[in-house]
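The following note sets out points on helix packing, charged pairs and buried side chains. It is offered for use alongside the coordinates.

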Amino acid sequence: MGPETGASVLPGIVKLSQREREVTALVASGLSSAEVAARLGIAVNTVNAHLQRVYGKLGVSRRQKLSELWDELAKPEE
């Protein structure tokens, strides 16, 4: 795992708003911005704005990295 995982991103996760968490979870599940917008009843531009803030808070720059990080943090600890 790279520097974008584990304890180093936990402060960023904590700083996510409820809506940012919802958007992130839906994106991580594989939905497009348009699908997320339809599901949440918001504009596509709003989804993209949330994603940009999430990227900044978590130090990632792509959906793929965001999804990997979200999935890793969602795993129960062993």
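By about how many helical turns are Glu-68 and Lys-65 separated in helix H5?

1. The pair in H5. The model under discussion is predicted. Glu-68 and Lys-65 are three residues apart in helix H5, and therefore about one helical turn separates them. Their side chains meet in a salt bridge, with an N to O distance of 3.8 Å. Both partners are intermediate in accessibility: Glu-68 is partly exposed, with a relative accessible area of 39%, and Lys-65 counts as partly exposed at 31%.

2. The pair within H2. In total, the structure holds four salt bridges. Another of them joins the side chains of Arg-19 and Glu-22, at 3.0 Å from N to O. Both residues belong to helix H2 (residues 18-28), where a spacing of three residues places them about one turn of the helix apart. Arg-19 is partly exposed at 30% relative accessibility, and Glu-22 is likewise partly exposed, with a relative accessible area of 28%.

3. The pair between H2 and H4. Side chains of opposite charge can pair when their charged atoms come close. Glu-20 forms a salt bridge with Arg-53, and the closest N and O atoms are 3.2 Å apart. Glu-20 lies in helix H2 and Arg-53 in helix H4, so this pair ties together parts that are 33 residues apart in sequence. As to accessibility, Glu-20 is buried, because its relative accessible area of 3% is under 20%. Arg-53, by contrast, is partly exposed, with a relative accessible area of 40%. The link extends further, since Glu-20, Arg-53 and Lys-57 are joined in a network of salt bridges.

4. The buried residues of H2. Which residues of H2 are buried? They are Glu-20, Val-23, Thr-24, Leu-26, Val-27 and Ala-28. The buried residues of this helix pack against H3, H4 and H5. After H2 comes Gly-30, which has a positive phi, near 105 degrees.

5. Packing of H3 against H4. Two packed helices are described by the angle between their axes and the distance between the axes. For helix H3 (residues 33-40) and helix H4 (residues 44-58), the angle is about 110 degrees and the axes are 8 Å apart. H3 is therefore roughly perpendicular to H4, since the angle falls within the range of 65 to 115 degrees. On the H3 side the contact is made by Ser-33, Ala-34, Val-36 and Ala-37, and on the H4 side by Val-44, Val-47, Asn-48 and Leu-51. Sorted by class, the contact has six nonpolar residues, two polar residues and no charged residues.

6. Ser-33. One residue of that contact, Ser-33, is placed in helix H3 and counts as buried at 10% relative accessibility. Which residues does Ser-33 contact, leaving aside its neighbours within four places in sequence? They are Val-44, Val-47, Asn-48, Leu-51 and Arg-63. With Arg-63 there is a polar contact between the two side chains, at 2.3 Å.

7. Tyr-55. Arg-63 also figures in the surroundings of Tyr-55, a residue of helix H4. A polar atom of the Tyr-55 side chain lies 3.4 Å from the backbone nitrogen of Arg-63. Is Tyr-55 buried or exposed? Tyr-55 is buried, with a relative accessible area of 10%. When residues up to four places away in sequence are not counted, Tyr-55 touches Val-60, Ser-61, Arg-62, Arg-63 and Leu-66. The C-alpha atom of Tyr-55 is separated by 9.7 Å from that of Thr-24, which is 31 residues away along the chain. Thr-24 is one of the buried residues of H2.

8. Ser-67. Ser-67 has its place in helix H5 (residues 63-74). At 13% relative accessibility, this serine counts as buried. Apart from neighbours within four places in sequence, Ser-67 is in contact with Val-27 and Ala-28. Val-27 and Ala-28 are themselves among the buried residues of H2, and the buried residues of H2 pack against H5 as well as H3 and H4.

Notes. Residues numbered from 1 in each chain as written. Predicted model: local features only at pLDDT ≥ 70, side-chain atom pairs only at ≥ 80, totals over all residues. Heavy atoms only, no water. Axes fitted to C-alpha atoms, helices over the stretch in contact; angles between N-to-C directions. Helix = DSSP H or I, 4+ residues; strand = E, 2+ residues; numbered from the N terminus. Parallel < 35°, antiparallel > 145°, perpendicular 65-115°, else oblique. Contact = heavy atoms within 4.5 Å. Nonpolar A, V, L, I, M, F, W, Y, C, P; charged D, E, K, R; others polar. Buried < 20%, exposed > 50% of the residue type's maximum accessible area, 1.4 Å probe, protein only. Polar contact = N/O pair within 3.5 Å; in protein donor to acceptor, adjacent residues only side chain to side chain.
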